Amino acid sequence: MCSARNPDGNKIGVESLGMRRHFLRALQSMKCGAVVLALSRSGSLGETLPSCSPKALLGDEGLAALKPCVNVRVENYNQDEMISMMNYYSSKHWLSGGYTQEKLNEIAFLTQRSPVALRKLCDPF
């Protein structure tokens, strides 16, 4: 199940989502190419997942559709990447009170420079 609901308020099964059908059809017709995906738990609001692994998020059928699958680990930001992201968030006016070195140090400490934690802390959506 996903967090989307029909007009009656009932959860919609993932197999009913048009985006999923079209994506699987595109994968089946592809002869050569690459697909880059970013997986997140955000589509399964209110559901408890055993882990954040691709298998837990996609299920057996979803993972089979992506074979062969190569996982790419995204490391935490280094100092330059952290500054770049803070500049981006500041340019979007997502940081209250401006952007200072002190704020950078505090946010870097709070997020441990994790891209996901930084987005959750600074992103207004």
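How does W94 count in terms of relative accessibility: buried, partly exposed or exposed? At 23% relative accessibility, W94 is classed as partly exposed. Some notes on the rest, keeping in mind that this is a predicted model.

1. **Overall layout.** The fold is easy to summarise: five helices and zero strands. Reading from the N terminus, the order of elements is α-α-α-α-α. The chain has 125 residues, and 17% of them are buried. As for contacts, take those between residues at least 6 apart in sequence: 41% of them join residues at least 24 apart. The accessible surface of the chain is about 9,600 Å², and carbon and sulfur atoms account for 55% of that area.

2. **The aromatic cluster.** Back to W94, which has company: Y88, Y89 and W94 make up one aromatic cluster. Three aromatic pairs are counted in the model. One of them is Y88 with Y89, a tilted pair with 5.7 Å from centre to centre and 55° between the planes. Y88 also pairs with W94, and here the ring centres are 5.9 Å apart with the planes at 85°, so this pair is edge-to-face. The cut-off that matters for that label is 60 degrees, since planes over that angle count as edge-to-face.

3. **Exposure within the cluster.** The two tyrosines fall into separate classes. Y89 is buried, at 5% relative accessibility, because the class takes in anything under 20%. Y88 has a relative accessible area of 39% and is partly exposed. W94, at 23%, is partly exposed too.

4. **A nonpolar patch on the surface.** F23, M30, V35, L37 and L39 come together as a nonpolar surface patch, and their accessible area adds up to about 380 Å². One of these residues, L37, sits in the loop between α1 (18-29) and α2 (54-65). L37 has a relative accessible area of 42%, so it is partly exposed. That value also clears the patch criterion, because patch residues need over 30% relative accessible area.

5. **Two loops side by side in the list.** Worth looking at L37 together with N71. N71 belongs to the loop between α2 and α3 (79-91). In sequence, L37 and N71 are 34 residues apart, while their C-alpha atoms are 9.7 Å apart in space. N71 is exposed, with 56% relative accessible area, whereas L37 is partly exposed at 42%.

6. **The salt bridge.** How many salt bridges does the structure hold? There is one. It joins the side chains of R73 and E75, with 3.5 Å from N to O. Both R73 and E75 are exposed.

7. **T111 in helix α4.** T111 is found in α4, which covers residues 101-111. With a relative accessible area of 6%, T111 is buried. A polar atom of the T111 side chain lies 2.8 Å from the backbone oxygen of I107. What does T111 touch beyond its neighbours within four places in sequence? The contacts are M82, A117, L118 and L121. So for T111 there is a threonine that counts as buried, at 6%, and whose side chain has a polar atom 2.8 Å from a backbone oxygen, that of I107.

Definitions and conventions:
Residues numbered from 1 in each chain as written. Predicted model: local features only at pLDDT ≥ 70, side-chain atom pairs only at ≥ 80, totals over all residues. Heavy atoms only, no water. Patch = residues over 30% accessible without salt bridge, like charges linked within 9 Å, V, L, I, M, F, W, Y side chains within 5 Å. Areas by Shrake-Rupley, 256 points an atom, 1.4 Å probe, with all protein chains shown as cover. Salt bridge = Lys/Arg side-chain N within 4 Å of Asp/Glu carboxyl O. Helix = DSSP H or I, 4+ residues; strand = E, 2+ residues; numbered from the N terminus. Buried < 20%, exposed > 50% of the residue type's maximum accessible area, 1.4 Å probe, protein only. Phe/Tyr/Trp six-rings, centres within 6.5 Å; stacked < 30°, edge-to-face > 60°. Contact = heavy atoms within 4.5 Å. Polar contact = N/O pair within 3.5 Å; in protein donor to acceptor, adjacent residues only side chain to side chain.
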